[in-house]
Amino acid sequence: MTIQWFPGHMAKARREVTEKLKLVDVIFELVDARIPLSSSNPMLEEIIHQKRRVIILNKADTADEKTTKEWIDYFAEKGLPAVAVNAQEGKGLFKIEQAAEKLMAEKFERLRSKGMKPRAIRAMILGIPNVGKSTLINRLAKKNIARTGNKPGVTKAQQWIKVGKTLELLDTPGILWPKFEDQEIGYKLALTGAIKDDLLQMEEIAGYGLRFLEKHYPDRLQNWLKVEKVSEDPIETLAFIAEKRGLLDRYNDPDYSRAAETVVREIRQQKLGRMSFDFPNWEDDAE
């Protein structure tokens with residue numbers, strides 16, 4: 001399965017990001033804490049070259065806390081500082097500035113030794129759509145500057161935003177890569193709402209989610225369904241959910257589409273608890 005996804009404004013955004021790189025000191029890469037690798041743009045290394053980078057694991061309140069800590073250690077081993085935040089509630093945001101200051105400490109110390117006063121750190125925020133960039137910026141700036149929305153593709157233009165006296169942010173539109181050749185990544189992006197639901201069949205997204213839960217969170221799935229054993233066939237599970245929830249079609253048969261929507265919606269709403277869909281040991285996550 002290959003999902004094509006590269007709207008014109010995203011191609012334009014990539015060009016603009018490349019042009020503005022020379023103006024910034026640090027890149028803030030915003031990813032979804034539930035899927036840190038799947039929501040990281042593989043084109044980013046090519047775009048930002050050797051710029052200093054901080055990984056911001058947003059929506060940390062929705063991810064498995066233990067797994068998030070493992071991700072922070074994983075990135076640290078690769079020389080990338082990573083912080084976990086909840087932009088929606090403004091939790092952990094101080095760690096972002098601390099990480100940036102640590103990255104810039106050596107350069108600013110050289111400026112001070114020459115009698116020059118360091119200016120505000122200039123950072124560019126990059127991330128795929130719907131990872132919470134606008135919400136994060138508004139929290140950092142303590143006012144509604146960036147547009148927000150619960151759907152991909154709300155931010156469409158770049159803007160500089162001051163955060164106190166020590167940090168200036170450059171917001172950018174979300175940049176997705178041209179296509180997803182790894183269907184695993186496509187399903188995870190769809191399951192967490194990073195790409196539009198109409199790019200994939202809802203039954204396929206729900207089927208992937210059910211298989212993933214059966215493998216990684218079987219107890220959660222059993223408790224949610226209130227059964228001792230879950231069928232290995234996602235279609236059977238969808239039929240069970242449809243009958244249990246009264247989601248039937250006009251012929252009194254299971255409405256698989258509505259059952260699938262229920263699965264995806266309740267996973268996103270954390271009705272099954274906080275979960276991570278990427279793990280530092282990627283091989284463990286292979287289907």
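Gly132 sits in the loop that joins strand 5 (121-126) to helix 5 (133-141). The model is predicted. In this model Gly132 is buried, because its relative accessible area is 16%, and the cut-off for buried is under 20%. Beyond its neighbours within four places in sequence, Gly132 is in contact with Leu30, Asn58 and Lys59. The unreviewed UniProt entry includes Gly132 under "binding site". The same annotation covers Asn58, Lys59, Ala60 and Asp61. It also takes in Asn130, Val131, Lys133, Ser134, Thr135 and Gly174. Of these annotated residues, Thr135 is found in helix 5.

Asn58 belongs to strand 3 (residues 52-58). Its relative accessible area is 3%, so Asn58 counts as buried. The side chain of Asn58 reaches the backbone oxygen of Val131 at 2.8 Å. Both Asn58 and Val131 are on the "binding site" list from UniProt. With neighbours within four places in sequence left aside, the contacts of Asn58 include Val131 and Gly132. Asn58 also touches Leu30, Val31, Asp32 and Ala33. Val85, Asn86 and Ala87 complete the set.

Lys59 follows in the loop between strand 3 and helix 3 (65-77). Its backbone stands out: phi is positive, at about 60 degrees, although Lys59 is not a glycine. Lys59 is listed by UniProt under "binding site", and Lys59 is one of the residues in contact with Gly132.

A second residue with a positive phi is Asn252. The value is about 70 degrees, and Asn252 is not a glycine either. Asn252 lies in the loop between helix 9 and helix 10 (256-268). Is Asn252 buried or exposed? Its relative accessible area is 58%. The cut-off for exposed is over 50%. Asn252 is therefore exposed.

The protein as a whole contains ten helices and eight strands. Of its 287 residues, 50% count as buried. The exposed area is about 14,600 Å². Carbon and sulfur atoms supply 47% of that area. Among contacts with a separation of 6 or more, 68% join residues 24 or more positions apart.

Attention now turns to the interior. Nonpolar side chains tend to be buried together in soluble globular proteins. The largest nonpolar core in this model has 61 residues. Phe28, Ile56, Leu136 and Leu169 touch the most other members. Helix 7 (residues 202-216) gives the largest share of this core, seven residues. Where does the core lie with respect to domain 1 (5-168) and domain 2 (200-267)? Both domains give residues to the core, so it lies between them.

Ile56, one of the core residues that touch the most other members, has many partners. Leaving out neighbours within four places in sequence, Ile56 is in contact with Phe28, Glu29, Leu30 and Val31. Val83, Val85, Ile96 and Leu136 are also in contact with Ile56. Phe28 and Leu136 appear with Ile56 among the core residues that touch the most other members.

Further buried positions occur in the helices. Met104 is placed in helix 4 (residues 94-113). Its relative accessible area is 0%, so Met104 is buried. Apart from neighbours within four places in sequence, Met104 is in contact with Asp25, Val26, Arg52 and Ile121. Met104 and Ile121 are 17 residues apart along the chain. Their C-alpha atoms are separated by 7.9 Å.

Ile137 is found in helix 5. Ile137 is likewise buried, because its relative accessible area is 0%. Ile137 and Ala87 are 50 residues apart in sequence. In space the two are 8.5 Å apart, C-alpha to C-alpha.

Thr237 is located in helix 9 (residues 234-245). Its relative accessibility is 4%, so Thr237 counts as buried. Which residues surround Thr237 in its contacts? With neighbours within four places in sequence set aside, they are Leu210, Leu225, Val230 and Ser231.

Note on methods:
Residues are numbered from 1 along each chain as its sequence is written. This is a predicted model: local features need pLDDT of at least 70, side-chain atom pairs count only at pLDDT 80 or more; totals for chains, interfaces and linings use all residues. Side-chain values use heavy atoms; hydrogens and water are left out. UniProt positions are given in the numbering used here, feature names are shortened, and annotations may be inferred rather than shown by experiment. Helices (H or I, at least four residues) and strands (E, at least two) are DSSP runs, numbered from the N terminus. Buried means under 20% relative accessible area, exposed over 50%, partly exposed in between (1.4 Å probe, protein chains only). Contact means heavy atoms within 4.5 Å. A nonpolar core is a set of buried Ala, Val, Leu, Ile, Met, Phe, Trp, Tyr and Cys residues joined through side-chain atoms within 4.5 Å. Domain bounds come from an automatic or database domain assignment. A polar contact is a pair of N or O atoms within 3.5 Å; within protein, one must be able to donate a hydrogen and the other to accept it, and residues adjacent in sequence count only if both atoms are side-chain atoms. Accessible areas come from the Shrake-Rupley method with a 1.4 Å probe; for residues, only the protein chains shown count as cover.
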